Amino acid sequence: MTNQIADRIREALRVVIDPELGHNIVDLGFVYDISAVDGAVRITMTATTPGCPAIRFLKEGVANAAARVPGVGSVDIVMTFDPPWTPSRMSPVVRTSLGFAAVN
């Protein structure tokens with residue numbers, strides 16, 4: 001059940017679009033981990049840089065999207081920059097659309 005709720009949350013987070021890059025945070029590789037225990041959800045995520053002006057916007061979007069998933073009672077969002085985000089974390093389709101096709 002815990003993996004199922006994490007999968008549903010990950011899918012729900014696809015509605016959260018990075019305003020600068022124009023793609024969802026899942027395909028951009030911003031979501032590092034989702035764990036759920038008895039309805040308490042912890043999402044570990046990142047942004048392109050620690051000084052990213054969209055961090056607050058992204059966290060609010062993640063909290064709202066995750067809270068709508070049935071079975072979620074609370075949402076804790078942890079921002080991390082370790083490991084730092086790189087374009088290699090993006091899905092191949094997004095990487096190509098943003099001009100990073102040569103990144104492995």
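Is Thr46 buried or exposed? Here are some notes on that and on the rest of the fold; please keep in mind that this is a predicted model.

1. **Thr46.** Thr46 is buried, as its relative accessible area is 0%. The residue sits in the loop between β2 and α2. A polar atom of its side chain lies 2.7 Å from the backbone oxygen of Thr80. Beyond its neighbours within four places in sequence, Thr46 is in contact with Gly29, Phe30, Tyr32, Met79, Thr80, Phe81 and Trp85. Thr80 is therefore both a contact of Thr46 and the owner of the backbone oxygen just described.

2. **The sheet.** If you turn to the strands, you will find three of them in an open sheet, ordered β1-β2-β3, with mixed pairing. The edges are taken by β1 (31-37) and β3 (74-79); each has a single partner strand, so one side of each is left without a neighbour in the sheet. From one strand to the next the twist averages 15°.

3. **The β1 and β2 pair.** Strand β2 covers residues 40-45 and pairs with β1 in the antiparallel sense, over six bridges. Two places are handy for checking the register by eye: Val31 stands opposite Met45 in β2, and Ile34 has Ile43 of β2 as its bridge partner. The hairpin of these strands has two residues between them, and in it Asp38 takes a positive phi near 50°.

4. **Helix α2 against the sheet.** Helix α2 (residues 55-67) packs on the sheet and touches β2 and β3. The direction of the helix makes about 150° with that of β3.

5. **Ser74 in β3.** Ser74 lies in strand β3 and is partly exposed, with a relative accessible area of 38%. Leaving out residues up to four places away in sequence, Ser74 touches Gly39, Ala40 and Val41. Take Ala40 as an example: Ser74 and Ala40 are 34 residues apart in sequence, yet their C-alpha atoms are 4.9 Å apart in space.

6. **The nonpolar core.** In soluble globular proteins, nonpolar side chains tend to be buried together. Which residues touch the most other members of the largest nonpolar core here? They are Ile9, Leu13, Ile25, Ile34, Ile43, Leu58 and Val62, out of 31 residues in that core. Two or more residues each come from α1, β1, β2 and α2. The largest share, five residues, comes from α2.

7. **Ile43 as a place to look.** Ile43 is one of the core residues with the most contacts to other members, and it is also the bridge partner of Ile34. Residues up to four places away in sequence aside, Ile43 touches Ile9, Leu13, Val31, Asp33, Ile34, Val62, Ala66, Val75, Asp76, Ile77 and Val78. Among them, Ile9, Leu13, Ile34 and Val62 appear again in the list of core residues that touch the most other members.

8. **Salt bridges around Arg14.** Side chains of opposite charge can pair when their charged atoms come close. The count for this model is three salt bridges. Glu11, Arg14 and Asp27 are linked in a network. Within it, the side chains of Glu11 and Arg14 meet at 3.3 Å, N to O, while the closest N and O atoms of Arg14 and Asp27 are 2.6 Å apart. The Arg14 and Asp27 pair links distant parts of the chain, 13 residues apart, with both residues in the loop between α1 (2-12) and β1. Arg14 counts as partly exposed because its relative accessibility is 29%, and Asp27 counts as partly exposed at 21%. Buried residues fall under 20%.

9. **The salt bridge in α2.** What separates Glu60 and Arg56 along helix α2? They are four residues apart in the helix, so about one helical turn lies between them. The two form a salt bridge, with the closest N and O atoms 3.2 Å apart. Glu60 counts as partly exposed at 41% relative accessibility, whereas Arg56, at 64%, counts as exposed.

Key: Residues numbered from 1 in each chain as written. Predicted model: local features only at pLDDT ≥ 70, side-chain atom pairs only at ≥ 80, totals over all residues. Heavy atoms only, no water. Pairing = 2+ DSSP bridges. Axes fitted to C-alpha atoms, helices over the stretch in contact; angles between N-to-C directions. Contact = heavy atoms within 4.5 Å. Salt bridge = Lys/Arg side-chain N within 4 Å of Asp/Glu carboxyl O. Buried < 20%, exposed > 50% of the residue type's maximum accessible area, 1.4 Å probe, protein only. Polar contact = N/O pair within 3.5 Å; in protein donor to acceptor, adjacent residues only side chain to side chain. Core = buried A, V, L, I, M, F, W, Y, C linked by side-chain atoms within 4.5 Å.
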